[in-house]
Amino acid sequence: MATNYSVYSIPVFFIMNFIPHAYAAILFSGGSPKRFDNVNPKSSATLESFRKRASAATYTRWERANAAHHNGYENLPLLVAAVVLGNMARLDAATMNWTFGTFLALRAVFIYAYINTESQKWSALRSMVFNIALFQCLWIIIMAGNVLSN
């Protein structure tokens, strides 16, 4: 019988989604912590000053990294629900491990694509990866629902 590692996907996913935030902070500060206003980092004045001093390419890259970070945390509740429900239903460990391992791999690709995609053409591929990852969680929730409803 396989060991179920699915619960570990939650902290791994949490950390994965902090990486784009750290990258955005490096872009924002130009690698110098002294340029980062940690007292009020989300103030409109701080963001406006960054927009004025950064190149257009750096600013849009920062926006995408920040969006990737937020997107991950917006999707964290779905992952947690899927992991908890799959374990409550005692779904097969191999299925849980494969599903959440695939989810994490797809989300890593999504984060990379989100930060690096600069054309409409490639954004469709990024969206496809996002949806395939999303359906991994939905699939587990449906399977768990089928087991728990009986």
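# Questions on an all-helix chain

From the N terminus on, the elements of the protein chain run α-α-α-α-α-α. The model is predicted.

User: How many helices and how many strands are there in the protein chain?

Analyst: The elements, read from the N terminus, run α-α-α-α-α-α. The strand count is 0, and the helix count is 6.

User: What box do the C-alpha atoms of the protein chain fill along the principal axes?

Analyst: The protein chain has 150 residues. Taken along the principal axes, their C-alpha atoms fill a box of roughly 60 × 35 × 25 Å.

User: What share of the residues in the protein chain is buried?

Analyst: Buried means under 20% relative accessible area. The protein chain has 150 residues, and the buried share is 36%.

User: What is the accessible surface of the protein chain, and what part of it belongs to carbon and sulfur atoms?

Analyst: The accessible surface comes to about 8,800 Å². Of this surface, the part that belongs to carbon and sulfur atoms is 65%.

User: Among contacts with a separation of 6 or more, what share comes from residues 24 or more positions apart?

Analyst: A contact means heavy atoms within 4.5 Å. Among contacts in the protein chain with a separation of 6 or more, residues 24 or more positions apart account for 79%.

User: How many aromatic pairs does the count give?

Analyst: Rings pair if their centres lie within 6.5 Å. By this rule the count of aromatic pairs is 7.

User: Are the ring planes of Phe13 and Phe103 stacked, edge-to-face or tilted?

Analyst: Planes under 30 degrees apart count as stacked, and those over 60 as edge-to-face. The ring centres of Phe13 and Phe103 are 5.2 Å apart, and the planes meet at 55°, so the pair is tilted.

User: Which parts does the pair of Phe13 and Phe103 tie together, and are these residues buried or exposed?

Analyst: Phe13 lies in helix H1 (residues 9–16) and Phe103 in helix H5, so the pair ties together parts that are 90 residues apart in sequence. As for cover, both Phe13 and Phe103 are buried.

User: How do the rings of Phe28 and Trp62 sit, and which helices hold these residues?

Analyst: The ring centres of Phe28 and Trp62 are 6.1 Å apart and the planes are at 45°, so the pair is tilted. This pair links distant parts of the chain, 34 residues apart. Phe28 is buried, and so is Trp62. Phe28 sits in helix H2 (residues 19–29), and Trp62 in helix H4.

User: Which residue joins Phe28 and Trp62 in one aromatic cluster?

Analyst: Phe28 and Trp62 are both buried. The residue that forms one aromatic cluster with them is Tyr59.

User: How many cavities of 30 Å³ or more are there, and what is the volume of the largest?

Analyst: The count comes to 1 cavity of 30 Å³ or more. The volume of the largest cavity is about 40 Å³.

User: Which residues line the largest cavity, and which helices each supply at least two of them?

Analyst: The lining is made by Asn75, Leu78, Leu79, Phe103, Arg107, Phe130, Leu134 and Cys137. By type, these residues divide into 6 nonpolar, 1 polar and 1 charged. At least two lining residues each come from helix H4 (56–88), helix H5 (93–116) and helix H6 (120–148).

User: Where is Arg90, and what is its phi?

Analyst: Arg90 is found in the loop between H4 and H5. Most residues other than glycine have a negative phi. Arg90 has a positive value, and its phi is near 55°.

User: Is Arg90 buried or exposed?

Analyst: Exposed means over 50% relative accessible area. Arg90 has a relative accessible area of 75%, so this residue is exposed.

User: Where is Pro77, and is it buried or exposed?

Analyst: Pro77 is found in helix H4. The cut-off for exposed is over 50%. Pro77 has a relative accessible area of 53%, so Pro77 is exposed.

User: How far apart in space are the C-alpha atoms of Trp98 and Gln136?

Analyst: Trp98 has its place in helix H5. Trp98 is exposed, with a relative accessible area of 53%. Along the chain, Trp98 and Gln136 are 38 residues apart, and their C-alpha atoms are separated by 9.8 Å.

User: Which residues does Val7 touch, not counting those up to four places away in sequence?

Analyst: Val7 is found in the segment before H1. At 48% relative accessibility, Val7 counts as partly exposed. Leaving out residues up to four places away in sequence, Val7 touches Val83 and Asn87.

Conventions:
Residues are numbered from 1 along each chain as its sequence is written. This is a predicted model: local features need pLDDT of at least 70, side-chain atom pairs count only at pLDDT 80 or more; totals for chains, interfaces and linings use all residues. Side-chain values use heavy atoms; hydrogens and water are left out. On a 1 Å grid over the protein atoms alone, a cavity is a set of points where a 1.4 Å probe fits but cannot get out, and a pocket is an open set with protein on both sides within 12 Å along at least five of seven lines; lining residues have an atom within 4 Å of a point. Grid points are joined across faces, edges and corners, and a volume is the space filled by probe spheres set on the points. Helices (H or I, at least four residues) and strands (E, at least two) are DSSP runs, numbered from the N terminus. Ala, Val, Leu, Ile, Met, Phe, Trp, Tyr, Cys and Pro count as nonpolar, Asp, Glu, Lys and Arg as charged, and the others, Gly among them, as polar. Buried means under 20% relative accessible area, exposed over 50%, partly exposed in between (1.4 Å probe, protein chains only). Accessible areas come from the Shrake-Rupley method with a 1.4 Å probe; for residues, only the protein chains shown count as cover. Rings of Phe, Tyr and Trp (its six-membered ring) pair if their centres lie within 6.5 Å; planes under 30 degrees apart count as stacked, over 60 as edge-to-face and the rest as tilted.
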